[in-house]
Amino acid sequence: MKPLIPLIPISSRHIMVADKIALAMNRLVRTVTDYIEDMDTKDDDELREIELEFLCSIINDNALHIEEVLTLIESFENDNIRDKINDNYDSVTEQLVKCGQACLNRLVKNILDDVIDQYDEIYSEENWLNADGTPQVTSIIATCTDYMQDFEEFLMPFWYSKFSSMVLEEVILKYIFS
């Protein structure tokens, strides 16, 4: 009697299955990344209201997925299989990082959009001070500080560190261009 399923060595089956899972995960993560990059909250009040939390949850999920991928790879005892599985999942890790980066870019944009009026007034002769007599820069710093404190709670340390660097860079560049 001939077996219904061709006899393929277990190691080859692992690699074939891992390859198909990696392809599917790449497609899914690219779809999420595209959605984040094209997301329009202007006409969607509900989405606009939860956008920051939504982006933070995606970022944190990506970090967990990366950890799961690494755990899966390390679970294989055979070095050859582990190396081939690792090669299959490198692209998945790259896609997860790209998706997280897209979310961070959007978070930074939201912060800077929130202080754009203050940047526009920094060097204007008549409006460089707020109504209370403090410089516009003080409002920018206070707003960014509030966001940073919130995101320190919402984001995993790895992503928060990247986020902090991105915000600092963008705030400085925006100030210079002002």
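# A guided tour from Phe 151

Begin by selecting Phe 151, which touches Leu 52, Cys 56, Leu 107, Ile 111, Tyr 160 and Phe 163, not counting residues up to four places away in sequence. The model on display is a predicted one, and every stop below should be read in that light.

**The nonpolar core**

Keep Phe 151 selected and add Tyr 89, Leu 104, Leu 107, Leu 155 and Phe 163; of the 43 residues in the largest nonpolar core, these six touch the most other members. Next, colour the helices α1 (10–38), α2 (45–74), α3, α5 (136–154) and α6 (157–177), each of which supplies at least two residues of this core. The largest share comes from α3, with 13 residues. As general background, nonpolar side chains tend to be buried together in soluble globular proteins.

**Along helix α3**

Which residues does helix α3 span? Select residues 79–114 to display the helix, and then pick out Gln 95 within it. Gln 95 is buried, at a relative accessible area of 12%. Leaving aside residues up to four places away in sequence, Gln 95 touches Asn 26, Val 29, Arg 30 and Thr 33.

Move now to Glu 94, which also lies in helix α3. Is Glu 94 buried or partly exposed? With a relative accessible area of 48%, Glu 94 is partly exposed. Draw a distance from its C-alpha atom to that of Val 29: the two are 65 residues apart along the chain and are separated by 9.9 Å. Val 29 has already appeared on this tour, as one of the residues that Gln 95 touches.

**The largest pocket**

Turn next to the largest pocket, which holds about 280 Å³ of space. To find it, select Thr 41, Glu 51, Lys 109, Asn 110 and Asp 113, the closest to its centre of the 13 residues that line it. Two elements, α2 and α3, give two or more residues to the lining. Helix α3 gives the most, with five residues. Colouring the lining by class will show three nonpolar, two polar and eight charged residues.

**The cysteines**

How many disulfides does a search of the whole structure find? The search finds zero. Select Cys 103 as an example: it is in no disulfide, and the nearest cysteine sulfur, that of Cys 99, is 4.7 Å away. A disulfide requires sulfur atoms within 2.5 Å. Cys 103 is buried, with a relative accessible area of 0%.

Then select Cys 144 together with Cys 56. Why does Cys 144 form no bond with the closest cysteine sulfur? The sulfur of Cys 144 is 15 Å from that of Cys 56, so the two are too far apart for a bond. Cys 144 counts as buried, at 8% relative accessibility. Cys 56 was met at the start of the tour, among the residues that Phe 151 touches.

**Helix α5 and helix α1**

Return to helix α5 and select Ala 142, which is found there. Ala 142 counts as partly exposed, at 38% relative accessibility. A line drawn from its C-alpha to that of Arg 27 covers 40 Å in space, the two residues being 115 apart in sequence.

In the same view, select Asp 150, whose place is in helix α5. Asp 150 is partly exposed, its relative accessible area being 40%. From the C-alpha of Asp 150 to that of Asp 43 the distance is 25 Å, with their positions 107 residues apart in sequence.

Finish in helix α1, where Asp 19 lies. Is Asp 19 buried or partly exposed? Asp 19 is partly exposed, with a relative accessible area of 31%. As a last step, draw the distance between the C-alpha atoms of Asp 19 and Leu 112: these residues are 93 apart along the chain, and the atoms are separated by 40 Å.

How values were computed. Residues are numbered from 1 along each chain as its sequence is written. This is a predicted model: local features need pLDDT of at least 70, side-chain atom pairs count only at pLDDT 80 or more; totals for chains, interfaces and linings use all residues. Side-chain values use heavy atoms; hydrogens and water are left out. Helices (H or I, at least four residues) and strands (E, at least two) are DSSP runs, numbered from the N terminus. Buried means under 20% relative accessible area, exposed over 50%, partly exposed in between (1.4 Å probe, protein chains only). Contact means heavy atoms within 4.5 Å. A nonpolar core is a set of buried Ala, Val, Leu, Ile, Met, Phe, Trp, Tyr and Cys residues joined through side-chain atoms within 4.5 Å. On a 1 Å grid over the protein atoms alone, a cavity is a set of points where a 1.4 Å probe fits but cannot get out, and a pocket is an open set with protein on both sides within 12 Å along at least five of seven lines; lining residues have an atom within 4 Å of a point. Grid points are joined across faces, edges and corners, and a volume is the space filled by probe spheres set on the points. Ala, Val, Leu, Ile, Met, Phe, Trp, Tyr, Cys and Pro count as nonpolar, Asp, Glu, Lys and Arg as charged, and the others, Gly among them, as polar.
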